[in-house]
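Please open the model in your viewer and keep the sequence beside it. The stops below say what to select next and what is there.

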Amino acid sequence: MARLGSWIEPFPEGIFVRPADAWVDPSQPKPRALVTHGHADHARSGHGAVWATPETLAIMATRYGEQNAQPVGYGEAVRLGEVDIGFVPAGHVLGSAQIVLEYGGERVVVSGDYKRRPDPTCAPFVVAPCDIFISEATFGLPVFRHPDTGSEVDRLLHRLRAEPERCVLVGAYALGKAQRVIMELRGRAYDEPIYIHGALERLCRLYEELGVPLGELRPATGAPKSELKGKIILCPPGALNDRWSRRLPDPITAMASGWMRIRQRARQRNVELPLIISDHADWDELTQTIREVAPKEVWITHGREDALMHWCMTHQIKARELNLVGYEDEDD
Ligand SMILES: [Zn+2]
Ligand SMILES: [Zn+2]
């Protein structure tokens, strides 16, 4: 009998599904690509044809222009070569999916990036039982335990109200994190205009077109200093300390990222108010997910795999590291 999953071949540049003649999240242009979600390290430009959810394809079109797009909605099935393929929600960003592959009586799930906590901007993660679960491990160490998102947003609002002469400038990745922070604020009845850096505009507009209402957003560039006092401004992390932010009224520098758990990282970016808001599973969510999915084997694509490999072994689950390159997730 062939080894379990022998038809799935990991290469440094991605996962090749041989009987479908297709790649999952390839980091180099390929004739046929299955893409889990729109983040640039998973969704590259230049593929011959792309199978992904309609939302992911819309995000890719916004970034790369039109391409040969093959939309597959959640719950729909397609057949490529001899493989039955489905997309189920991964709870990571709008449109993000785990890809379910069935061939020769075996079921393999490629999770892409995922998280388990509620996110008002996207569909929640769905447990898809399988023989092989191919997982990320961005925060695959027991020290990574993300706090409750609501309490982080409360800290932001508390600080904003404590210093009304200043503004709070939040660094947030342009796809997913920025819109999630806005929706978390709206969910806590914050209905003031939120000011955004120009680099966030296109994706915020796209989220709204795709049915995620973000409330009143205003461009931060060009707004008078007096108007910005006591307000929340969002920008990409790279703009936190650049010239652009110097014209804001004495900003309290914040950043929304799972990496804010590490003090050193907050200091490197001169972040005064670190907000631990992550779009990746923390240690407890990773192990909970593997328990629920109950696979025979776990293959780990990228991240901190050692502790998770060990955890799998002590739970009688065979584990394997794939060492794929090009998935960064530094920008979570
Ligand atoms: Zn991602
Ligand atoms: Zn990623």
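Begin with the zinc ion (ligand 1), whose donors are spaced along the chain as H-x1-H-x52-H-x20-D, where donors are N, O and S atoms within 2.8 Å of the metal (3.2 Å for Na, K and Ca), and where sites may look incomplete since water is not among the atoms. Before going further, note that this is a predicted model, in which local features need pLDDT of at least 70 and side-chain atom pairs count only at pLDDT 80 or more, while totals for chains, interfaces and linings use all residues. Residues are numbered from 1 along each chain as its sequence is written, chains are lettered from A and ligands numbered from 1 in the order in which they are written, and side-chain values use heavy atoms, with hydrogens and water left out.

Select His-37, His-39, His-92 and Asp-113, which coordinate the zinc ion (ligand 1) through NE2, ND1, NE2 and OD respectively, at 2.2 to 2.3 Å. The angles among the four donor atoms run from 90 to 165°, and the site is irregular; four donors would count as tetrahedral if all angles lay between 85 and 135 degrees, four as square planar and six as octahedral if opposite donors were over 155 degrees apart and all others between 65 and 115, and anything else is irregular.

Now add the zinc ion (ligand 2), which lies 3.5 Å from the zinc ion (ligand 1), with Asp-113 bridging the two. His-37 and Asp-113 link distant parts of the chain, 76 residues apart: His-37 is in the loop between strand E4 (32-34) and strand E5 (49-52), and Asp-113 is in the loop between strand E10 (106-110) and strand E11 (132-137). Helices (H or I, at least four residues) and strands (E, at least two) are DSSP runs, numbered from the N terminus. Both His-37 and Asp-113 are buried, where buried means under 20% relative accessible area, exposed over 50% and partly exposed in between (1.4 Å probe, protein chains only).

Next, select helix H2 (residues 149-162), which has 14 residues and reaches 20 Å from its first C-alpha to its last, close to the 20 Å expected at 1.5 Å a residue, the expected span being 1.5 Å times one less than the number of residues. Which residues of H2 are buried? They are Thr-149, Gly-150, Glu-152, Val-153, Leu-156, Leu-157 and Leu-160, and they lie on the same side of H2 because they cover an arc of only 165° around the axis, the arc being that of the directions from the helix axis to the C-beta atoms. His-158 and Ala-162, on the other side of H2, are exposed. Show strand E12 (168-171), helix H3 (177-187), strand E15 (232-235) and strand E17 (273-275) to see what the buried residues of H2 pack against, contact meaning heavy atoms within 4.5 Å.

Move on to Thr-253 in strand E16 (residues 252-256), which is buried at a relative accessible area of 10%. Leaving out residues up to four places away in sequence, Thr-253 touches Leu-169, Leu-240, Asn-270, Val-271, Glu-272 and Leu-273.

Finally, select Gly-14 in strand E2 (residues 14-17), buried with a relative accessible area of 0%. Apart from neighbours within four places in sequence, Gly-14 is in contact with Glu-9, Trp-23, Val-24, Pro-26 and Leu-324.
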